[in-house]
Amino acid sequence: MSLKEKSRFLGLGCYGGKQAKEFIVGYGYKGNAVNGSEQDLRALGNTPKFQLQGFDGFGGHRERALDCLAENNEFMNFVDSIKEDIVFLLFGGGGSTGSGCATILAEMLLQEKNEEDGKPKKIVCPVIALPSSDEAIVKHSNAYQAVQELQELVGSGLGSTFFINNDIGKDYATINSTFAKFLDTFLTNNSYGELNNFDESERLEMLRDGGAMIMSLMKGGTDRSLMLDKLSKSGIFAPIETNKICEHIGIIHAGNDNGDIEANMVISEFGKPNNVFQGYNGRSTLIAVSGLDYPVSHVSKLGDLARTAYEERQRNKNQVKKLGDLSFMNDEPEIIVEEKKKPSKLELLQRRMKK
């Protein structure tokens, strides 16, 4: 059975549904879009769906996920019955439905353990689209909290996490399709060569790695330095940390030798891994790096943006201009009150009604 047959994609929330559709409709993977919003689900056409009953979106409040999942037994039973070995959880970090449900579902999917080594039976890989810098405060805050919760699950056996960087542009459809092409190439590779092969067990090893994972495709004639820069800094993934910590490097060479790119070039950019896996005669050159640190610097910037914007709003609230007192226009006798605070209109009304 290929890795494609062993995989299932759960698209949570608006972004998650769109990204899941790329894999399900575009490449024939098993999967489902999950959302409380009927409108969002309708937009996905014939993509298999689960509508979360009683929750037409969370209105930005990701904490509502607990109530939502508790009241949707049919969906929870479905998740509990997933047979596939690899589950990709696709969600927008800035949203509330996806970012609220994803970390809970990830923890749930990791509960079943192998008897021999106590490790999770399933490989659970989150795919989180990080909001762009110009989005609303709540989106930055939601993404920050979601990443914190994912970090806490790494020690519980969470697999590789893919951080999509929406700061690179507004053409989200292209970003979604690019990621789908990268991951599909990784999962379905069946190329072989005399020197070595990047086999299924090696790709599973990379998906099991806790931490961040990135990948990219290089066509013939592409500048190798530019490709490495896109892979680590300016591509569809959030910029990686500069500490050069990684677990595995995988390369599928486009030819039958290392003429497209040398492994040492990749190692010099990302650090010395535990192992380098190489295959040959791929349709194009694929580079994948797993076991990277989470992009803490990038996510911290989102947290700083949320904090700064919140503090600015609070300052502005404190500076709201109020209308002046026009009581001098009132011909009625002054109402003497003992309270130091000026009575509200309701209080004045209530006093008059008592007379």
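How do the residues of the lining of the second largest cavity divide into nonpolar, polar and charged? They divide into four nonpolar, one polar and three charged. The model behind this report is predicted, and the values below are computed from it.

**Cavities**

A search of the whole structure finds two cavities of 30 Å³ or more. The table sets them side by side.

| Cavity | Volume | Lining by class |
|---|---|---|
| Largest | about 50 Å³ | ten nonpolar, no polar, one charged |
| Second largest | about 30 Å³ | four nonpolar, one polar, three charged |

The lining of the largest cavity is made up of Phe163, Ala212, Met213, Ile214, Phe237, Ala238, Pro239, Ile240, Leu292, Asp293 and Pro295. Strand β7, residues 212–218, gives the most to this lining, with three residues. The one charged residue in the lining is Asp293, since Asp counts as charged.

Around the second largest cavity stand Ile240, Glu241, Asn243, Lys244, Ile245, Phe270, Leu292 and Asp293. Ile240, Leu292 and Asp293 appear in both linings. The charged residues here are Glu241, Lys244 and Asp293, and the polar one is Asn243.

**Two residues with positive phi**

Lys244, already named in the lining of the second largest cavity, has a phi near 55°, a positive value in a residue other than glycine. Lys244 sits in the loop between α9 (224–234) and β8 (248–252). Its relative accessibility is 46%, so lysine 244 counts as partly exposed; the partly exposed class runs between the 20% and 50% cut-offs.

Asn281 is likewise not a glycine, and its phi is positive at about 65°. The loop that holds Asn281 runs between β9 (275–279) and β10 (285–292). Asparagine 281 counts as partly exposed because its relative accessibility is 38%.

**The nonpolar core**

In soluble globular proteins, nonpolar side chains tend to be buried together. The largest nonpolar core in this model has 91 residues, and Phe88, Phe162 and Phe186 touch the most other members.

Which residues is phenylalanine 88 in contact with, leaving aside its neighbours within four places in sequence? They are Ser7, Arg8, Phe9, Leu10, Cys125, Val127, Phe162, Leu183, Leu187 and Leu207. Phe162, one of these contacts, is also among the three core residues that touch the most other members.

Conventions
Residues are numbered from 1 along each chain as its sequence is written. This is a predicted model: local features need pLDDT of at least 70, side-chain atom pairs count only at pLDDT 80 or more; totals for chains, interfaces and linings use all residues. Side-chain values use heavy atoms; hydrogens and water are left out. A nonpolar core is a set of buried Ala, Val, Leu, Ile, Met, Phe, Trp, Tyr and Cys residues joined through side-chain atoms within 4.5 Å. Buried means under 20% relative accessible area, exposed over 50%, partly exposed in between (1.4 Å probe, protein chains only). Contact means heavy atoms within 4.5 Å. Helices (H or I, at least four residues) and strands (E, at least two) are DSSP runs, numbered from the N terminus. On a 1 Å grid over the protein atoms alone, a cavity is a set of points where a 1.4 Å probe fits but cannot get out, and a pocket is an open set with protein on both sides within 12 Å along at least five of seven lines; lining residues have an atom within 4 Å of a point. Grid points are joined across faces, edges and corners, and a volume is the space filled by probe spheres set on the points.
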